[in-house]
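Here's a quick tour of how one protein chain packs together on the inside. Have a look at the model, then read on.

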Amino acid sequence: MRCDRINFYDQFHCPAGDCHLNCCKGWRVPIDEETLERYKKMPAKQRALALSRITKKEDTYVFRFREKGCSYWTKEGLCGFQKEGHTEHMPLVCRVFPRKQNDYGIFMEETFYLSCPYAAKLFLQYRKELALHPGEGELQSGAFTTNDDLDFLRELQRIRGELLQFIEDSSHLEDAYGRMLEWANRTQNACIRAQSIPSIFDINAQKLDIDGLMTDRMITGGFYHTRLKKNSPGLYALLDRYFKEMNDLTIEEAGKRQSDIKRVFYEANVEYCDFAKRYYQYYLLSSFLEVYDTYCFHRVLAEGIIHTHLLELFLGIRCLEKFDEKREYVLMEDEIADVIALYERRGRHNPPILDNNYQILYEATSKKA
């Protein structure tokens, strides 16, 4: 099958037990039907152990959550199945992660989830030359879409290229957010009415201001949880510092403070002055074609804006933390990658958080419209 892969795909190597942000901790791991059937065919003792570690959440089977990590996570930092040479017993998501596969019927795309710090580090290293390279591949993660409108798919590929160029041409990405969401609204309506899709370059709109209240509602509406202190101490520390910075501020003061915090990151880390643009471009490469199945232009673009905004804020907060620790604001590549991974694990893999944050942005922009 034709497979378009992100250009740094072959550079990834999992450090396994040496990973400092191990993917065996802090997740509810979904178990696919094929793997569950394998467990049911294990010898009696192994079968009983495996099934005792599984529960059902809504419509999905998952391993029972433990604060110290997956039930099969060993002291060597490896999956027990992996250690015993039985990787076929690992759930599909564990065998594939952090690779992300999207199947579009006539071709597939492979990128990475940046919730892995080593994938995030590769993104930082290759961020100035992001591209999908054609090749061949085998689908592992099942069907992605039920849509068979190939003309629409090709149009989405063209649109993605135009959006990538629009972001490349934008001197300040924050100033373009309003135009992006206005374009998404018009495009959504054009699809409903079977009209031609407008070019984003022809759109004018007011600047989108994600103010202090919106940010606070995003963070307190599910993103922050006291349990993070054990499950994700690095993220908990960032959130704790956020609250200290924003405590007792008015909405206007909080909005100004969050802008100042973002500025700390960019002024101290000039090499990463393009971070927001490159992160959003990567987001488009890995996620935009999801519109093929959902037809939700506005939501896809809005979620990218939310992720970029919160990540910039957390990177600035990490600079403040580092200044307290070492009297300097400059972050190393590994530190930036860790912030990306910590954010994405919570912010991009938790449907209730995604729903809450999108609703906040949607309500705010709808009122202004």
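## Inside the fold

Let's start with Trp183. Not counting neighbours within four places in sequence, Trp183 is in contact with Ile159, Leu163, Ile197, Pro198, Ser199, Ile200, Ile203, Phe288, Phe297 and Leu301. Keep in mind that this is a predicted model.

Trp183 also belongs to the largest nonpolar core, which has 95 residues. Trp183 is among the residues with the most contacts inside that core, along with Phe123, Met180, Phe275, Phe288, Leu301 and Phe314. Which helix gives the most to this core? That's H14 (residues 297-326), with 14 residues. Another core, of 13 residues, lies apart from the big one, and Leu36, Met42, Ala50 and Cys70 are among its members.

Phe123 brings us to helix H5 (residues 117-126), where seven of the ten residues are buried. Those are Pro117, Ala119, Ala120, Leu122, Phe123, Leu124 and Tyr126. They pack against these elements:

| Element | Residues |
|---|---|
| strand E5 | 108-112 |
| helix H12 | 275-287 |
| helix H15 | 333-347 |

Now for a pair of helices. H8 (residues 212-223) and H10 (residues 233-246) pack with their axes 12 Å apart, at an angle of about 140°. The two are therefore oblique to each other, and their crossing is left-handed. On the H8 side, Gly212, Thr215, Asp216, Ile219, Thr220 and Phe223 make the contact, while H10 brings Leu235, Leu239, Tyr242 and Phe243. Sorted by class, that contact has six nonpolar, three polar and one charged residues.

Technical notes:
Residues are numbered from 1 along each chain as its sequence is written. This is a predicted model: local features need pLDDT of at least 70, side-chain atom pairs count only at pLDDT 80 or more; totals for chains, interfaces and linings use all residues. Side-chain values use heavy atoms; hydrogens and water are left out. Axes are lines fitted to C-alpha atoms, for helices over the stretch in contact, and angles run from 0 to 180 degrees between N-to-C directions. Helices (H or I, at least four residues) and strands (E, at least two) are DSSP runs, numbered from the N terminus. Angles under 35 degrees count as roughly parallel, over 145 as roughly antiparallel, 65 to 115 as roughly perpendicular and the rest as oblique. A crossing is left-handed if the near helix is turned anticlockwise from the far one by less than a right angle, and right-handed if clockwise. Contact means heavy atoms within 4.5 Å. Ala, Val, Leu, Ile, Met, Phe, Trp, Tyr, Cys and Pro count as nonpolar, Asp, Glu, Lys and Arg as charged, and the others, Gly among them, as polar. A nonpolar core is a set of buried Ala, Val, Leu, Ile, Met, Phe, Trp, Tyr and Cys residues joined through side-chain atoms within 4.5 Å. Buried means under 20% relative accessible area, exposed over 50%, partly exposed in between (1.4 Å probe, protein chains only).
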